[in-house]
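Subject: A structure for you to look through

Hi there,

Here is the structure I promised to pass on to you. Please open it beside this email, and then read on for what was found in it.

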Amino acid sequence: MIYLNVTYKSMAEAEGLARELVRRKAAGMVSIAPIKSIYPLDGEIAERDEALLKVITIDSKVQEVEDIVRELSDGKVPRVISFSLHRITREYKDWVSGHVS
């Protein structure tokens, strides 16, 4: 199982991305939360309200998630970070796997 953090430009657009990830069976579940990002931009410190998508999927779908984010994002740098899950309940793992195959 893989957990991905995907930072996206707005809550409304993140919802569309989440629906598309689930519709295409690239993700078993996506949770969305509002965040504020602070980062360097052209020699200044930029701040922006964004959305954080918490994507749960399987190893073989990570590239597909990245490809869908690239396809639907107008950003220059797709912001996708993945983490391997070491412990997850068998029931949840089976449920997610059943929805992304």
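Let's begin with charges: a search through the whole structure turns up 10 salt bridges. Please keep in mind as you read that this is a predicted model. Side chains of opposite charge can pair when their charged atoms come close.

One of these bridges joins the side chains of Lys-9 and Glu-13, with 3.2 Å from N to O. Glu-13 is partly exposed, because its relative accessibility is 40%.

Another is formed by Arg-23 and Glu-20, whose side chains meet at 2.5 Å, N to O. Both residues belong to helix H1 (residues 11-23), where they are three residues apart, about one turn of the helix. Buried or exposed: which word fits each of these two partners? Arg-23 is exposed, since its relative accessible area is 57%, whereas Glu-20 counts as buried at 17% relative accessibility.

Next, look at Lys-36 and Asp-49, whose side chains form a salt bridge of 3.2 Å, N to O. Lys-36 sits in strand S2 (residues 29-41) and Asp-49 in strand S3 (residues 44-57), so this pair ties together parts that are 13 residues apart in sequence. Asp-49 has a relative accessible area of 53%, so Asp-49 is exposed. There is also a network here: salt bridges with shared partners join Glu-20, Arg-23, Arg-24 and Glu-71.

Now for the two strands themselves. S2 and S3 pair in the antiparallel sense, over 13 bridges. To see one bridge for yourself, find Ile-38, whose partner in S3 is Glu-47. The hairpin of S2 and S3 has two residues between the strands, and Asp-42 in this hairpin takes a positive phi near 55 degrees. Asp-42 is a residue other than glycine, and its phi is still positive. At 76% relative accessibility, Asp-42 counts as exposed.

Which other residue has a positive phi although it is not a glycine? That is Lys-25, with a phi of about 60 degrees. You will find Lys-25 in the loop between H1 and S2. Lys-25 counts as partly exposed, because its relative accessibility is 43%.

Let's turn to the aromatic rings. A pair of aromatic rings is described by the distance of the centres and the angle of the planes. How many aromatic pairs does the structure hold? There are two. Tyr-3 and Phe-83 make a tilted pair, 5.8 Å centre to centre, with 45 degrees between the planes. Tyr-3 lies in strand S1 (residues 2-8) and Phe-83 in strand S4 (residues 80-84), so the pair links parts that are 80 residues apart in sequence. Tyr-3 is partly exposed at 23% relative accessibility, and Phe-83 is partly exposed too, with a relative accessible area of 39%.

Tyr-92 and Trp-95 form an aromatic pair that is stacked, 6.0 Å centre to centre, with 15 degrees between the planes. These residues are three apart in helix H3 (residues 90-99), so about one helical turn separates Tyr-92 and Trp-95. Tyr-92 is partly exposed at 26% relative accessibility, and Trp-95 is partly exposed at 39%.

Here is a residue to click on: Thr-57, which lies in strand S3. Is Thr-57 buried or exposed? Thr-57 is buried, because its relative accessible area is 0%. The side chain of Thr-57 reaches the backbone oxygen of Ala-26 at 2.6 Å. Leaving out residues up to four places away in sequence, Thr-57 touches several others, including Met-1, Leu-4, Ala-27, Val-62 and Val-96.

Last comes helix H2 (residues 62-72), whose buried residues are Val-62, Val-65, Ile-68 and Val-69. They cover an arc of only 125 degrees around the axis, so they lie on the same side of H2. What do these buried residues of H2 pack against? Their packing partners are S1, H1, S3 and S4.

Enjoy exploring, and write back with any questions!

Best wishes

Key: Residues numbered from 1 in each chain as written. Predicted model: local features only at pLDDT ≥ 70, side-chain atom pairs only at ≥ 80, totals over all residues. Heavy atoms only, no water. Phe/Tyr/Trp six-rings, centres within 6.5 Å; stacked < 30°, edge-to-face > 60°. Helix = DSSP H or I, 4+ residues; strand = E, 2+ residues; numbered from the N terminus. Buried < 20%, exposed > 50% of the residue type's maximum accessible area, 1.4 Å probe, protein only. Salt bridge = Lys/Arg side-chain N within 4 Å of Asp/Glu carboxyl O. Polar contact = N/O pair within 3.5 Å; in protein donor to acceptor, adjacent residues only side chain to side chain. Contact = heavy atoms within 4.5 Å. Pairing = 2+ DSSP bridges. Arc of directions from axis to C-beta.
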